[in-house]
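Work through these exercises with the model open beside you. Try each task before you read its solution.

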Amino acid sequence: MVVCTILCADGCENQVEVETTCIGRDIWDKFTALFDLNEQDFFGLVYQVPEIRLDKVSDPTTTGGFQWLILDEPALSQPGQPTVAEGEDYLEWNMSFRIKFYIGHDQTALWDDYARYLFFLQLNHDMGHGRLLVERKVRAELLGFAAQVEFGDWKESAHGNPSYLQENEVLAVEHDQSLLVQAQRHHKKCHGMTTSAAQTAFIALAQEQNMYGVDLYNCKDESDRAI
């Protein structure tokens, strides 16, 4: 048996047990069975390509040494031989749960609640870690919507100090004080907005950004030089 540890955008790890002879779908089905996720087609699992395969990979879905788990192929031929988990006595594969297909504007409000929340989490994570590049003003607005999702309506007693934005695991990315103040101000303006409406507003604003849905790839020219 192998333990597959899957990291989600909110920092939580989920583990499923599979046979080493399993295919990708066995991992996917066991993982998605942990949640009430109806809109599965927009998401996928990525793993780090083993070094022994890295120079041989020509798949266009590979980016930065990571590759999408192919559901109908043996898992052993993808992440490779499992390794002993750090500080444990079991074999492990490590993967991450991510958006695979980005939706357009007309689809934002069509999702079930949980799928929309997962999409919001991933976009928020991408913004916080530099994958979704946004201007400062937009970043503050997105943080304000995210705060409405995570905290509900702004309250002076709980949210008077902008540092509350740093105390939530979903929002806990290093921001300067002036940006936090702007985000706090926008959070106040979201008063009365429901969780689903705040998620939808966050996604809609993220969709307007140039880097929305863009993956950057490592490339080489005909002389095998990185470009």
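A crossing of two helices is left-handed if the near helix is turned anticlockwise from the far one by less than a right angle, and right-handed if clockwise. Keep in mind that this model is predicted.

**Exercise 1.** Describe how H4 and H7 are placed: how near do their axes come, at what angle do they cross, and is the crossing left-handed or right-handed?

Solution.
- Step 1: Find the distance and angle. The axes of H4 and H7 come within 8 Å and cross at roughly 160 degrees.
- Step 2: Name the arrangement. Angles over 145 degrees count as roughly antiparallel, so H4 is roughly antiparallel to H7.
- Step 3: Give the hand. H4 passes H7 in a left-handed crossing.
- Step 4: List who touches. From H4, the contact includes Val138, Glu141, Leu142 and Phe145. From H7, it includes Ala198, Phe202, Leu205 and Ala206.

**Exercise 2.** Check the length of H7, residues 195–207, against the span expected for its 13 residues.

Solution.
- Step 1: Work out the expected span. The rule is 1.5 Å times one less than the number of residues. For the 13 residues of H7 this should give 18 Å.
- Step 2: Compare. The end C-alpha atoms of H7 are 18 Å apart, which agrees.
- Step 3: Look at its inner face. Among the buried residues of H7 are Gln199, Ile203 and Gln207. The buried residues of H7 pack against H3 and H4.

**Exercise 3.** Decide how far H3 is enclosed, and name what its buried residues pack against.

Solution.
- Step 1: Count. Buried means under 20% relative accessible area. Twelve of the 16 residues of H3 are buried, so H3 is largely enclosed by the rest of the structure.
- Step 2: Name some. Among the buried residues are Ala115, Leu118, Phe119 and Asn124.
- Step 3: Find the partners. The buried residues of H3 pack against strand S3 (43–48), S6, H4 and H7.

**Exercise 4.** Which helix gives the most to the largest nonpolar core?

Solution.
- Step 1: Size the core. The largest nonpolar core has 56 residues. Helix H4 (residues 136–151) gives the most to it, with eight residues.
- Step 2: Pick a well-connected member. Phe43 is one of the residues with the most contacts inside the core. Beyond its neighbours within four places in sequence, Phe43 is in contact with residues including Trp28, Phe97, Lys100 and Phe119.

**Exercise 5.** Is Lys100 buried, partly exposed or exposed?

Solution.
- Step 1: Place Lys100. It lies in the loop between strand S6 (91–99) and H3.
- Step 2: Classify. Lys100 has a relative accessible area of 33%, so it is partly exposed.
- Step 3: Compare sequence with space. Lys100 and Trp68 are 32 residues apart in sequence and 8.5 Å apart in space, C-alpha to C-alpha.

Technical notes
Residues are numbered from 1 along each chain as its sequence is written. This is a predicted model: local features need pLDDT of at least 70, side-chain atom pairs count only at pLDDT 80 or more; totals for chains, interfaces and linings use all residues. Side-chain values use heavy atoms; hydrogens and water are left out. A nonpolar core is a set of buried Ala, Val, Leu, Ile, Met, Phe, Trp, Tyr and Cys residues joined through side-chain atoms within 4.5 Å. Buried means under 20% relative accessible area, exposed over 50%, partly exposed in between (1.4 Å probe, protein chains only). Helices (H or I, at least four residues) and strands (E, at least two) are DSSP runs, numbered from the N terminus. Contact means heavy atoms within 4.5 Å. Axes are lines fitted to C-alpha atoms, for helices over the stretch in contact, and angles run from 0 to 180 degrees between N-to-C directions. Angles under 35 degrees count as roughly parallel, over 145 as roughly antiparallel, 65 to 115 as roughly perpendicular and the rest as oblique.
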